[in-house]
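User: I am in my first year and still learning to read protein structures. Could you take a close look at the disulfide in this one and show me how it fits with the parts around it?

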Amino acid sequence: MGEPAPTARRMPATGYSLQDGTHLTVYFFGGVCDQYGLRADESVTGQVRVQVVITKPAGPGKACPQLVKQESVSTQLARPLDGRKVVDLGSGTTLGVTGDMPGGPR
């Protein structure tokens with residue numbers, strides 16, 4: 001049967017961080033019961049287009065609080081970012097660099 005297909009519901013990205021030139025982490029606010037993944041499209045010159053997707057929704061009948069927190073998902077880019085813009089595919093917004101925020105907003 002394999003993995004379930006990611007849902008069409010989009011989670012708007014709020015920023016990103018980059019480690020070692022190719023390890024891209026994207027930040028967003030999402031529910032605490034779903035599991036998330038990241039799609040990254042490097043086919044457009046000068047951009048890396050990203051989309052946060054739900055890869056595993058909360059199971060049916062599972063009690064899940066209506067709580068949202070900052071989440072992150074990561075991917076390895078095929079080549080270094082090197083000045084390319086990181087663009088949220090759902091909103092078209094160019095994302096800014098965001099530091100890792102352990103423990104949530106300050």
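Analyst: Happy to help; we will begin with the disulfide and then walk outward through the strands, the loops and a few single residues.

Please keep in mind that this is a predicted model. Every value below is computed from that model.

Let us start with the bond itself. How many disulfides does a search of the whole structure find? The answer is 1. Its partners are Cys 33 and Cys 64, and their sulfur atoms lie 2.0 Å apart. Next comes the handedness: the torsion about the S-S bond of Cys 33 and Cys 64 is about 115°, so the disulfide is right-handed.

Where do the two cysteines sit in the chain? Cys 33 belongs to the loop between strand S3 (23-31) and strand S4 (35-41). Cys 64 belongs to the loop between strand S5 (47-56) and strand S6 (68-76). The two are 31 residues apart, and the pair links distant parts of the chain.

Are these cysteines buried, exposed or partly exposed? Cys 33 has a relative accessible area of 16%. The cut-off for buried is under 20%, so Cys 33 counts as buried. Cys 64 has a relative accessibility of 31%, which makes it partly exposed.

Now we can place those loops in the wider fold. The protein has 7 strands and 0 helices. Read from the N terminus, its elements follow the pattern β-β-β-β-β-β-β. Long-range contacts fit into this picture too: among contacts between residues at least 6 apart in sequence, 64% join residues at least 24 apart. Of the 106 residues, 33% count as buried. The accessible surface comes to about 6,500 Å², and carbon and sulfur atoms account for 52% of it.

S3 leads into the loop of Cys 33, and S6 follows the loop of Cys 64. What order do the strands of their sheet take? It is an open sheet of 3 strands, ordered S2-S3-S6, with antiparallel pairing. Strand S2 (13-19) and S6 are the edge strands, each pairing on one side only. From one strand to the next, the twist averages 25°. As background, strands of a sheet pair through backbone hydrogen bonds, either parallel or antiparallel. Here, S2 and S3 are joined in the antiparallel sense over 6 bridges. Along this pairing you can find Ser 17 opposite Thr 25 in S3.

The other two strands beside the disulfide loops are S4 and S5. They run antiparallel and are joined by 7 bridges. To see the pairing, look for Leu 38, which stands opposite Val 52 in S5. S4 and S5 form a hairpin with 5 residues between them. In that turn, Gly 46 has a positive phi of about 80°.

That angle is a good cue for a general point: most residues other than glycine have a negative phi. Which residues have a positive phi although they are not glycines? Asp 20 is one of them, with a phi of about 55°. You will find Asp 20 in the loop between S2 and S3, where it counts as exposed at 78% relative accessibility. Asp 82 also has a positive phi, of about 40°. Asp 82 lies in the loop between S6 and strand S7 (85-88), and at 69% relative accessibility it is exposed as well.

Let us return to S3 and S4, the strands on either side of the Cys 33 loop, and look at aromatic rings. The whole structure holds 1 aromatic pair. The rings of Phe 28 and Tyr 36 have their centres 4.8 Å apart and their planes at 70°, so the pair is edge-to-face. Both partners are buried: Phe 28 has a relative accessible area of 0%, and Tyr 36 has one of 13%.

One last stop is Thr 98, in the segment after S7. It counts as buried, with 19% relative accessibility. Leaving aside residues up to four places away in sequence, Thr 98 touches Thr 14, Gly 15, Tyr 16, Ser 17 and Tyr 27. You have already met Ser 17, the residue opposite Thr 25.

To retrace the path on your screen, begin at Cys 33 and Cys 64, then follow the sheet S2-S3-S6 and the hairpin of S4 and S5.

Notes:
Residues numbered from 1 in each chain as written. Predicted model: local features only at pLDDT ≥ 70, side-chain atom pairs only at ≥ 80, totals over all residues. Heavy atoms only, no water. Phe/Tyr/Trp six-rings, centres within 6.5 Å; stacked < 30°, edge-to-face > 60°. Buried < 20%, exposed > 50% of the residue type's maximum accessible area, 1.4 Å probe, protein only. Helix = DSSP H or I, 4+ residues; strand = E, 2+ residues; numbered from the N terminus. Contact = heavy atoms within 4.5 Å. Areas by Shrake-Rupley, 256 points an atom, 1.4 Å probe, with all protein chains shown as cover. Disulfide = S-S within 2.5 Å. Pairing = 2+ DSSP bridges. Axes fitted to C-alpha atoms, helices over the stretch in contact; angles between N-to-C directions.
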